[in-house]
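Reader: Could you take me through one part of this model in some detail, and then show me how it sits in the rest of the fold? I'd be glad of a friendly walk through the contacts.

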Amino acid sequence: MSTGILDQLPKPFDTELALKKHPLMPSESMNTVLAQEILRFNRLLIVIRSSLVDIGRAIIGEIVMSEDLENVTNALFDNKVPSMWMKASYPSLKPLASYISDFVERLSFIQKWIDTGIPSSYWI
């Protein structure tokens, strides 16, 4: 299950490239929003990715299965979003599968914003 989720996740956003394309200027306040969202989603991506990689490593015995990793494993088994992820996440009451789909869509939205410019509508 963790490998399936890892396969869906893109790499973290290139903050430096995004800021070159969309510099922080008083005349374009939405660039500040983009920069903040990139930082927030990169932080969440790192938490999710590292916990899933560590679960794989713990299962094969490379590292010790900590209480936090065990809680993540149990949440995955129960189709719930792990509390470790929710501490870094946006608010959501969705079950795990729907949360991951939603998260990937949000990441896609941010990447499209970086690639093509300010969108005409935004997620709230």
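Author: Let's start where helix H4 gives way to Asn 79, a residue with a positive phi, near 60°. Please keep in mind that this is a predicted model. Asn 79 takes up that phi of about 60° although it is not a glycine. Asn 79 belongs to the loop between H4 and H5. Its relative accessibility is 34%, so Asn 79 counts as partly exposed, a class that runs from 20% to 50%.

Now step back into the helix itself. H4 covers residues 67-77, and its buried residues are Leu 69, Val 72, Ala 75 and Leu 76. These four cover an arc of only 125° around the axis, which means that they are on the same side of H4. Glu 67 and Phe 77, on the other side of H4, are exposed. What does the buried side of H4 pack against? Its partners are four helices: H1 (2-8), H3 (30-59), H5 (83-86) and H6 (96-116).

That packing leads on to the largest nonpolar core, which has 29 residues. H4 is among the elements that give two or more residues to this core, and the others are H1, H3 and H6. Within the core, the residues that touch the most other members are Trp 85, Phe 103 and Ile 110. Trp 85 ties back to our helix, since Val 72 and Leu 76 are both among the residues in contact with Trp 85. Leaving out residues up to four places away in sequence, Trp 85 also touches Ile 5, together with Leu 44, Val 47, Ile 48, Ser 51 and Leu 52. The list of Trp 85 contacts is completed by Leu 96, Tyr 99 and Ile 100.

Tyr 99 makes a handy bridge to the aromatic residues. The model has seven aromatic pairs. One of them joins Tyr 90 and Tyr 99, whose rings are stacked, with 5.5 Å centre to centre and 20° between the planes. Tyr 99 has a relative accessible area of 0%, so it is buried. Tyr 90 has a relative accessibility of 5% and therefore counts as buried too. Tyr 90 and Tyr 99 belong to one aromatic cluster together with Phe 41 and Phe 103, and Phe 103 is one of the core residues that touch the most other members.

Charged and polar groups also meet this cluster. Arg 106 lies over the face of Tyr 90, 3.9 Å from the ring centre. At Phe 41, the charged end of Arg 40 sits over the ring, at 5.5 Å from its centre. The side chain of Tyr 90 is also joined to that of Asp 102 by a polar contact of 2.9 Å. Asp 102 is part of helix H6. Buried or exposed, which is Asp 102? Its relative accessibility is 8%, so Asp 102 counts as buried.

Ser 92 is another residue that touches Tyr 99, and it touches Met 86 as well, not counting residues up to four places away in sequence. You will find Ser 92 in the loop between H5 and H6. At 18% relative accessibility, Ser 92 counts as buried, because the limit for that class is under 20%. A polar atom of the Ser 92 side chain lies 3.3 Å from the backbone nitrogen of Lys 94.

For contrast, have a look at Leu 24, in the loop between helix H2 (15-21) and H3. With a relative accessible area of 51%, Leu 24 is exposed, because that class takes values over 50%. Apart from neighbours within four places in sequence, Leu 24 has contacts with Leu 19, Asn 31, Thr 32 and Ala 35. From Leu 24 to Ile 46 there are 22 residues in sequence and 24 Å in space, C-alpha to C-alpha.

Finally, here is the whole chain around our helix. The protein has six helices and zero strands. Its C-alpha trace spans about 50 × 30 × 20 Å along the principal axes. The protein has 124 residues, of which 35% count as buried. Among contacts with a separation of 6 or more, 54% are between residues 24 or more positions apart. The packing of the buried residues of H4 against H1, H3, H5 and H6 belongs to this overall picture.

How values were computed:
Residues are numbered from 1 along each chain as its sequence is written. This is a predicted model: local features need pLDDT of at least 70, side-chain atom pairs count only at pLDDT 80 or more; totals for chains, interfaces and linings use all residues. Side-chain values use heavy atoms; hydrogens and water are left out. Buried means under 20% relative accessible area, exposed over 50%, partly exposed in between (1.4 Å probe, protein chains only). The arc is that of the directions from the helix axis to the C-beta atoms. Contact means heavy atoms within 4.5 Å. A nonpolar core is a set of buried Ala, Val, Leu, Ile, Met, Phe, Trp, Tyr and Cys residues joined through side-chain atoms within 4.5 Å. Rings of Phe, Tyr and Trp (its six-membered ring) pair if their centres lie within 6.5 Å; planes under 30 degrees apart count as stacked, over 60 as edge-to-face and the rest as tilted. A charge sits over a ring if NZ of Lys or CZ of Arg is within 6 Å of the ring centre and within 35 degrees of the ring normal. A polar contact is a pair of N or O atoms within 3.5 Å; within protein, one must be able to donate a hydrogen and the other to accept it, and residues adjacent in sequence count only if both atoms are side-chain atoms.
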